[in-house]
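Trainee: I have a model open and would like to go through its features with you. May we begin with the interior spaces and then move on to individual residues?

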Amino acid sequence: MLPFDAALAKDYPAVIGCDEVGRGALCGPVVVAAVWFDPHAFPGEILAALDDSKRLKRAERERLTPLIRAHARVALAAGSRALVDRINVRGATLDAMARAVRRLDLDAPVLVDGRDAIPDVERCRPVVGGDRLVPQIAAASIVAKTVRDAAMRALARRHPAYGWDSNVGYGTKVHLAGLATLGRSAHHRCSFTRAYGPETDFRTATAAPSAGQTDRS
């Protein structure tokens with residue numbers, strides 16, 4: 001059952017929702033979206049279709065993403081593979097979240113999926129399970145996943161052995177088999193794949209290209 005009822009739109013606050021995708025992947029960037037809309041003025045059919053991106057099929061995410069971007073304020077940012085290795089994935093995620101929220105340039109409360117508030121962002125509060133409780137967070141998760149998945153599928157054309165066209169960088173059997181055979185690519189997070197070579201191998205390698213409106217780190 002989808003979590004948001006268009007008939008209750010007036011009960012949902014007009015906030016910025018922020019969420020990330022790719023935190024647990026072995027390669028590629030962490031992609032963050034920050035989304036603001038007033039649920040009372042947001043199209044009801046879109047509001048009622050929102051959910052945690054992981055619970056939606058790819059086709060539905062790809063249908064919803066342009067609709068969200070057409071009817072909401074949306075900003076994207078990314079924590080590159082290099083940044084993840086340099087400061088850790090949590091730090092890279094929070095850094096990207098701060099950039100995405102600031103890019104919106106809106107005076108509104110910020111609700112973030114998870115347990116971490118964004119440092120130095122005013123009126124920011126974490127919400128555990130937020131992508132099922134806050135429609136703007138659900139919208140952010142959908143946009144971020146669509147953008148990141150598209151970037152990983154584009155990289156898969158150059159690195160087919162890792163299966164990124166289907167696993168989008170997560171540690172499936174196909175992906176691990178590719179690592180065992182070929183070792184790391186320049187897009188792999190050394191700190192996540194230490195078993196496949198010394199962590200210094202790709203410190204100076206080119207990071208994965210940005211997707212959509214994401215920033216480089």
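Trainee: Which residues line the largest cavity?
Mentor: Please bear in mind that this is a predicted model. The lining of the largest cavity is made up of Arg58, Arg61, Glu62, Lys145, Thr146, Asp149 and Arg153.

Trainee: What is the volume of the largest cavity?
Mentor: The volume is about 30 Å³. A search of the whole structure returns one cavity of 30 Å³ or more.

Trainee: And how many of the lining residues are nonpolar, polar or charged?
Mentor: Six are charged and one is polar, while no nonpolar residue takes part in the lining.

Trainee: Which helices supply at least two residues each to that lining?
Mentor: Helix 2 (58–71) and helix 5 (135–156) do. Helix 5 gives the largest share, with four residues.

Trainee: Let us turn to the hydrophobic side. Which members of the largest nonpolar core touch the most other members?
Mentor: They are Val35, Phe37, Leu47, Leu50 and Ile68, in a core of 27 residues. At least two residues of this core come from each of strand 2 (30–36), helix 1 (44–47), helix 2, strand 3 (73–79) and helix 5. The largest share, seven residues, again belongs to helix 5.

Trainee: Is there another core, and how many residues does that one have?
Mentor: Another core lies apart from the largest one and has 24 residues, including Val89, Val110, Val121 and Cys124.

Trainee: Back to Val35. What does Val35 touch, beyond residues up to four places away in sequence?
Mentor: Val35 touches Val15, Ile16, Gly17, Ile68, Ala72, Arg73, Val74, Leu104, Gln136, Ala139 and Ala140.

Trainee: New topic: His188. Where is His188, and is His188 buried or exposed?
Mentor: His188 sits in the segment after helix 7 (173–182). His188 is classed as buried because its relative accessibility is 0%, and the cut-off for buried is under 20%.

Trainee: Which side chain makes a polar contact with that of His188?
Mentor: The side chain of His175 does, at 2.8 Å. Beyond four places in sequence, His188 also touches Leu26, Cys27, Arg81, Asp85, Tyr162, Trp164, Leu179 and Thr193, and His175 appears among these contacts as well.

Trainee: How does His40 sit, buried or exposed?
Mentor: His40 counts as exposed because its relative accessibility is 59%. His40 belongs to the loop between strand 2 and helix 1. Leaving aside neighbours within four places in sequence, His40 is in contact with Ala9 and Lys10. Between the C-alpha atoms of His40 and Leu8 there are 8.6 Å, with the two positions 32 residues apart along the chain counted as their separation.

Trainee: And Leu76, buried or exposed?
Mentor: Leu76, in strand 3, is buried, with a relative accessible area of 0%. From Leu76 to Thr193 the C-alpha distance is 26 Å, at a sequence separation of 117 residues.

Trainee: One last matter, the backbone. What is the phi of Asp120?
Mentor: Asp120 has a positive phi of about 65°, although Asp120 is not a glycine. Arg123, also not a glycine, has a positive phi of about 55°.

Trainee: Where do Asp120 and Arg123 lie?
Mentor: Asp120 is in the loop between strand 4 (110–113) and strand 5 (124–127), and Arg123 is in the loop between strand 4 and strand 5 too. Asp120 is exposed at a relative accessible area of 73%, whereas Arg123 is partly exposed at 48%.

Note on methods:
Residues numbered from 1 in each chain as written. Predicted model: local features only at pLDDT ≥ 70, side-chain atom pairs only at ≥ 80, totals over all residues. Heavy atoms only, no water. Buried < 20%, exposed > 50% of the residue type's maximum accessible area, 1.4 Å probe, protein only. Polar contact = N/O pair within 3.5 Å; in protein donor to acceptor, adjacent residues only side chain to side chain. Contact = heavy atoms within 4.5 Å. 1 Å grid on protein atoms, 1.4 Å probe; cavity = no way out; pocket = protein on both sides within 12 Å on 5 of 7 lines; lining within 4 Å. Points joined across faces, edges and corners; volume = space filled by probe spheres on them. Nonpolar A, V, L, I, M, F, W, Y, C, P; charged D, E, K, R; others polar. Core = buried A, V, L, I, M, F, W, Y, C linked by side-chain atoms within 4.5 Å.
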